[in-house]
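Please open the structure in your viewer and keep the selection tool at hand. The tour below goes from the whole chain to single pairs of side chains.

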Amino acid sequence: MRARSALSHGRPPIVERLEKILALEEERGFNNQAVMGGLQRFAEAWIRQASTAEGAASSESAEGASSTIAELLQRYPREDAAGRKRLIAQIRRTLGSPPWPRKSARRRRPPSMAPPRAPQVDLDSPVTQLKGVRENFARRLDRLGMRTIRDLLYLFPHRYEDYSALKKIGQLQYSQEASIVARIWEVHSRSSRQRRLSLTQGILSDGTGTIQVTWFNLPPYLQKQLRPGEEFVFSGKVRQYQGRLTLEHPSWEPIDSELIHTGRLVPVYPLTQGVGPRWLRRLLKRTIDTWAGQLLDPLSPSLRQQVDLLDLPTAIQQIHFPDDWELARRARRRLAFEELLLFQLGVLRQRRAWRAQPGRALEIDRSTLDRFLAALPFQLTAAQQRALHEILADLATPQPMSRLLQGDVGSGKTVVAAAAMLVAAANGLQAALMAPTEILAEQHDRTLGDLYRGIEIESPAPGSPRPLQVRLLTGSVRGPERDALYGEIAAGEVDIVVGTHALIQAGVEYQALGLVIIDEQHRFGVRQRQALRQKARLRRAPHVLVMSATPIPRSLALTLYGDLDLSSIDELPPGRLPVKTRWVGPEQRQIAYDFLRQQVQQGRQAFVICPLIEDSEVLQVKAATTEFDRLRQEVFPDLAERMGLLHGQMSSTQKDRAMHHLRDGRWAVLVATPVVEVGIDVPNATVMLIEGAERFGLAQLHQLRGRVGRGEYPSDCLLLSDSTHPEVAERLQIIEDTNDGFALAEADLRLRGPGDFLKRQAGFTKLKVASFADTATLEQARKIATQILEVDAELSSPEHKLLAEASQRFWQAFAGAQNAPGAFEPS
């Protein structure tokens, strides 16, 4: 008769533990690493506990079998792999024979009582279905975004504590992170009522030496586990106290347990109040052991083999509780590739879906366009002509245009966009230009008014040309004026509407929207872009052009904005005065202040940009306010009444008012956070002073520098930095030497990676494992996504069914953010 598994109901815990260890040892190739110290070390725990299991039916029989198993465990490290395999088989046979007891049988339910129906539990069930997760803990997990079992599997550690190095106490060195197997000699606790502090201290020994161990505020139930004579695995950082090595607040576990807090690479997770690291690790270990195997892999076996990837269940197990650093790396690579593949599939499907919609081929009225170009007070640069040619070619096709136009500050993107809008109006269609701020919308409205002065298009009545109708629609347009403008737009009496988010409000209806232009596209997400597209009210989709003054290296732009064709204006108009840039050290700070004052006394204006404080708008505002007060009181008391402040926590109305004060000359100096970098045109401003310049990327410094030099006067950008780091010196030297935004973007990508570009693009923050900075994996994922969509554009084949479901889940989460970029939103 076949012996029952030791995992069956009623076997003593030590037997169940040994079965788990044997299974893990097989899985790891018989390397004697399934338990800390090897199976020979586990033999000691086995001898103590197995023969004295509670309620043993035959203590003599159990003792004999226990001794046999202990002998086999002690022989284990001396055997080769084949010998170890035979020993494990022999241990299992021995485990099946002795009369280790079963616990009392449960009382059987009377036949008349139907068993209660268990709730259907799956990966998308709430976390309360897991053992040990009550409603109060579920609420705490919800603060981490963990609502379902699947969410928990994807709560990845952000780092690991490396406690895999097993040391003897006599080998420990100061500041090491290490694990030891040691016995507790003594342990005692004491409390201090005044300081509300409890202290638990002990002495550990392993035969090579002793070491003091200390815990602070250790809960009583944990104090009880630390009994003299017991042997544990302890992991932590070795510190020093009064000349002696100590372990402060180490993790510990019984030596015969499966280690999750000690003796391995220990995962470190994000926490929240009421969720401790040990509790969360135990919960995740149970959840992964039970549920990781239930995950269906969206990547086919052939694809995994092609890219050399782990399967999904293994990757989930190894990213949480890796066997070693190499498996942790492979797990992250697998999960990162999957995320980037799903991203690329969404972007490319968005491109295909957009191009599959019927558009409207516009007739290019060369006579009207030529009159417009001839009336300009300047000639288009070769780069502007190239970009305009690409845009006109798109407009002339029946597929709706979806193009990104990027160009440096002052490169002339607006005049190219104006030509495209003129073509749309000449075809009897409307155009909409959306800007992120009211002041930028107002600048566009004024610029277009100047560009279109004297330009006429044919009216519906043949032979009766009329001037273009350009109107401004922002949040400041209210009441009867707004209602009247809504009516004009709906009736088709307005050719070009310039505005902010007000362009996509519910009350705005366009008669025939044929062209959508979005300026500073990184400030808008997919929802705003889609909303403006859907205002067309035509059976044909409108053409869409998005513009950016933040040059992105072509390789990165094509990868991130794969749903958009790319045009670049990489040439500045002739005659534009370059901004002179100087790196100013701390000893020259007063000279910089004197220069700024001199420029103001000559009638010019200036910006002072406060240091960048990453990830803290609150601290950013506080720093700007403090610097504003310091400059007014200590540095420029003579200019105090003509200085203003601008920061990111001001309302849109306050920001616009501040910029109007600067543009109208009421303020001579504007102290600001980096919020000032986009969309501010003050031709009289000639000085840009940037504090803490080393904290900015080259691209952002270049954008800030672009706020000056927009008029007829020579302009200067002063980079204040106290840093002497060689990398800082290299970066600041580069921006001193060149005014070419595209060259600076390539240098930034080389020196700092694409992180600065991505932080400035709305929505690129939703990935769990992958990084858009990993351009190699990003490009590989794009290549694979292209191959997949070439043979199965709808992901409808059985082979891609799971991939389609994963893509749907990914984009629902990714594009759920208000500012997700270029996202594919499944219909």
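Begin with the whole chain of 827 residues, of which 52% count as buried (under 20% relative accessible area, with over 50% called exposed and the range in between partly exposed, using a 1.4 Å probe and protein chains only). This is a predicted model, in which local features need pLDDT of at least 70 and side-chain atom pairs count only at pLDDT 80 or more, while totals for chains, interfaces and linings use all residues. Residues are numbered from 1 along each chain as its sequence is written, and side-chain values use heavy atoms, with hydrogens and water left out.

Colour by secondary structure next, and 27 helices and 23 strands appear (DSSP runs numbered from the N terminus, helices being H or I with at least four residues and strands E with at least two).

Now turn to the salt bridges, 31 in the structure (a side-chain nitrogen of Lys or Arg within 4 Å of a carboxyl oxygen of Asp or Glu). Select Asp565 and Arg355, whose side chains form one of them at 3.8 Å, N to O. This pair links distant parts of the chain, 210 residues apart, with Asp565 in strand β17 (residues 565-569) and Arg355 in helix α11 (residues 325-356). Asp565 is buried at 18% relative accessible area, whereas Arg355 is partly exposed at 38%.

Move on to Arg471 and Glu488, where the closest N and O atoms of the salt bridge are 2.4 Å apart; Arg471 belongs to strand β13 (residues 470-473) and Glu488 to helix α16 (residues 479-490).

Finally, select Asp297, Arg304, Arg334 and Glu338 together, which are linked in a network of salt bridges.
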